[in-house]
Amino acid sequence: MAKSGFAIKQRAKMLMQSVVLPLAYRVGCIRKVDKKLVVFCDAHHNERPVSMDRLCRALRATHPEYHIVERYRDYADLGYVGQVIDAIRFMWLYATAGCVIICDNYLPVAACKKRKNTKVIQLWHGPGAYKRFGYDSADDIPQYYKGNVFKNYSLVTVSGEKCIRPFTSAMRQKKGIVRAMGTSRMDDYLSERYVNECRDIFRKKYPEAAGKKVVVWAPTFRGNAGEPRLEGLADIDRLESELGDGWCVIKSIHPHLFHKYDRADLKGRIPTEKMLPIADVFITDYSSILYDACIHRCKMLMFAPDLREFERARGTYMQMSEFPGEIITDGRELAAGVKRAYDSYDADRQKEFTEGYLGACDGHATERIIHYITKT
């Protein structure tokens, strides 16, 4: 039944992409392209996504002559008719925009052949290149789906040289579109002010962690965004008692899982990325947030009870042996693994990993992207 519902949604998207939106775009093309109109848009949030925040703020501050329009709508809240209406409104802007900036899949951008004077920049929301996605994963884009989800991109920014080939493959891009320019939102991570702010916020939101070693568990979801599932929760629920006094375990699951696992202790009181400067040990699985953790030099381990199944069903771009920490598949070994990570983590191995996948994250990614917007 779940797969049937997913298929119906995909076919409805195909209809919107191939018929309705191209017509709306052609109507909008009666006007000229405004090279100083920049549109930030996203279909997964109702407010500015963190992946766009630094770039949007910096562009406003450095180039006040540009007209910036922000359009954020969580399509999961709108229903099909609401999605169509919102997408049509976007197409009217798209037809005249000098630049459109997205950070995730955004179907309307790919609905038609764009005008040559319009740039489309895909920031993507996750750094690195971990699990297979896009056209490299049937969970993301089923074979029967017609239309190119990643069409019209002028630039895809990635965090390091080792990410170029995976993103080019997953998004079916031509050579030169995917570039290691860095991840804009990660510029903040290298700021001492940002790190101190995160620490202050954490202390206020998690007073129970005072004086304890902090473990943060941040897993991704399995399956697709429409029917996600979580692995390993029962073992994590036991972890704090197994670690004993002096440890605090914080759970922060992927937002796609919120509706399915309606527990306040799973949702995190602050965004996961703001916990990383405080985490004594970070536990993840197949989430790209492991790369965020590398920037903060977090001691980490992977807890993946379904590792063999995942590698067979979805697969990864990086070799699992590259992961800079211990990989644990048996929940009974988790507490001991956390203590090992805390006591004897291999920082040199993590540094080498970071240089390959995050080499362009030097604190100046936002500057490079703004130069692309305004000078090319």
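What radius of gyration would a compact globule with 376 residues have, and what does the chain have? The model is predicted. A compact globule of this length would have a radius of gyration near 21 Å. The chain has 21 Å, which agrees. Along its principal axes, the C-alpha trace spans about 65 × 50 × 35 Å.

The chain contains 11 helices and 11 strands. Among contacts with a separation of 6 or more, 72% join residues 24 or more positions apart. Of the 376 residues, 55% count as buried. The exposed area of the chain is about 17800 Å². Carbon and sulfur atoms supply 50% of that area.

In soluble globular proteins, nonpolar side chains tend to be buried together. The largest nonpolar core in this model has 84 residues. Val100 and Phe167 touch the most other members of that core. Beyond its neighbours within four places in sequence, Phe167 is in contact with Trp124, Gly126, Gly128, Ala129 and Phe133. Phe167 also contacts Val156, Val158, Arg172 and Val178. A second core is separate and comprises 23 residues. Its members include Phe221, Leu257, Val281 and Val338.

Charge was examined as well. The chain carries 60 positive and 47 negative charges. The mean positions of the two sets are 9 Å apart.

Definitions and conventions. Residues numbered from 1 in each chain as written. Predicted model: local features only at pLDDT ≥ 70, side-chain atom pairs only at ≥ 80, totals over all residues. Heavy atoms only, no water. Core = buried A, V, L, I, M, F, W, Y, C linked by side-chain atoms within 4.5 Å. Buried < 20%, exposed > 50% of the residue type's maximum accessible area, 1.4 Å probe, protein only. Contact = heavy atoms within 4.5 Å. Helix = DSSP H or I, 4+ residues; strand = E, 2+ residues; numbered from the N terminus. Rg over C-alpha atoms; globule rule 2.2 N^0.38 Å. Areas by Shrake-Rupley, 256 points an atom, 1.4 Å probe, with all protein chains shown as cover. Lys, Arg positive; Asp, Glu negative; His and termini not counted. Charge placed at Lys NZ, Arg CZ, Asp CG, Glu CD.
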